[in-house]
Amino acid sequence: MVHNQFNEVRELFARYVVPSYGRFDIAFSHGAGNHVWDVTGKRYLDLGGGIAVCSLGHSNPEITEALIEQSRRLVHVSNLYYNEPQGRLAQRLAAKIAPGKLFFCNSGAEANEGLYKLARRFGHEQGRFEILTAINSFHGRTLAGIAATGQEKVKKGFGPAVPGFRHIPFNDIEAARNAISPSTIAILIEGIQGEGGITPATREYLLGLRALCDEKQMLLLMDAVQCGHFRSGRFQSFQRILEGPHGGSPATPEAVAFLPDGISMAKSLGGGFPIGAFWVRDCHAGLLGPGTHATTYGGTPLGCAVALKVLDVIERDGLAENTRTVGEFFRHELQRLVETYPSVLQSVRGLGFIIGLELQDKNRIPTFASSDKASSLQFVNRLHEAGLLSIPSGTQVVRFLPALNLPKVHAEEGLEIIERSVRALA
Ligand SMILES: *Cc1c(COP(=O)(O)O)cnc(C)c1O
């Protein structure tokens, strides 16, 4: 029974839900397209997309239809058997990357767990097991996930850490080379760091890591949980980064040939239905043989039918192109705000619909200085008051990860709200 009373909802959480999240004082009841309504009836423009998950917006009728249609036929059978949607989805995803195979699971952290196991299996005979990851990376909240994540705040109080992970500075190829030990077997990076504040890998870094991993017979693994699935304007962020800043720079043979050995996915893949996956390059696809890895819910007919529908809609409606053009417009306008209001804003970063707006430190913004909350959190709260959802990232960055079908008029609606909020602080 739902009463839609905010205080009642909050009371339920206070009494019965593990308090592991810092939550904003908003409870949502329903959404449609790029907008979502809270229980008091207030409407918000959603530029957070449920943290890069709602790739087709809220209550998308085609997702609803796919859910109904598939759930009438078959929801779950277990991986003791074959089911067609899982095979079809694997085929479609592999076709967007390169010859290889897919493993299906239920979340981003779990997809990364699969990559860690793949790497350990690869190095097992030689006694190599160590995985290098980047400082400021984020790879999920399981025990191995927090060991892999290059941020102290997720590890604190959960020791002893899972062994076999070490962190290196991001976008620094020499640091990667120098960090390799006789036990190192893989390097795992995000193509665009998400939780770390929206930092894309450089072209040189990607190509350098590939060459380094080839030289040392190591796996190059990419966590595309947040930056993948067309969010950058291409299926994978490395595809976008390697085509050059405006898609025009001549692709070198190295850039054309670039491929990681494994890629983890989740978030936008299911458009809100929980599904994760990893892709592994053909030459390593036999590493995880029968009995080596499994998950009960992985690749259910229902989850795969939804993910297939999400792909269909993205392709039919040209949403990669929409993400590039509207994302470029949005970023360009934010850059204008950075130049107009330097006392509040520092920079804008990202590609397509994974954009970070960096604020000044709270002590440099008079209105924010008296609070002990970070400037990112205070700014997100102000955007909430003004009817806009965004996601804080660290202490100074606010992230925008909207649905891939966000039309220009809604980007403009968001920009107006952002500009008003920034002007009030300047
Ligand atoms: C969100 C995220 C994860 C974890 O995904 P979950 O579904 O929350 O387990 C891992 N890596 C990156 C880059 C993410 O953004």
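Student: Where is N136 found, and what makes its phi notable?

Tutor: N136 is found in the loop between strand 5 (130-134) and helix 6 (143-148), where helices (H or I, at least four residues) and strands (E, at least two) are DSSP runs numbered from the N terminus. N136 has a positive phi of about 75° although it is not a glycine. Most residues other than glycine have a negative phi. This is a predicted model, in which local features need pLDDT of at least 70 and side-chain atom pairs count only at pLDDT 80 or more, while totals for chains, interfaces and linings use all residues. Residues are numbered from 1 along each chain as its sequence is written, and side-chain values use heavy atoms, with hydrogens and water left out.

Student: Why is N136 called partly exposed?

Tutor: Buried means under 20% relative accessible area, exposed over 50%, and partly exposed in between, with a 1.4 Å probe and protein chains only. N136 has a relative accessible area of 35%, so it is partly exposed.

Student: Why is H229 called buried?

Tutor: The relative accessible area of H229 is 4%, and therefore H229 is buried. H229 is found in the loop between strand 10 (219-223) and helix 10 (237-242), and has a positive phi of about 55° although it is not a glycine.

Student: How do you know that the ligand oxygen and K267 make a polar contact?

Tutor: A polar contact is a pair of N or O atoms within 3.5 Å; within protein, one must be able to donate a hydrogen and the other to accept it, and residues adjacent in sequence count only if both atoms are side-chain atoms. An oxygen atom of the ligand is 2.7 Å from an N or O atom in the side chain of K267, so the pair meets the distance limit. An oxygen atom of the ligand is also 2.8 Å from a polar backbone atom of G108, and a ligand nitrogen atom is 3.2 Å from a polar backbone atom of F138.

Student: What makes a residue count as near the ligand, and which element gives the largest share of the shell?

Tutor: A residue is near a molecule or strand if one of its heavy atoms lies within 4 Å of it. The residues around the ligand include S107, N112, H139, E190 and D223, and helix 5 (residues 108-123) supplies the largest share of the shell, three residues.

Student: What makes the peptide bond from G159 to P160 stand out?

Tutor: The peptide bond from G159 to P160 is cis, with omega near 0°, and P160 lies in the loop between helix 7 (152-155) and strand 6 (165-168). Most peptide bonds are trans.
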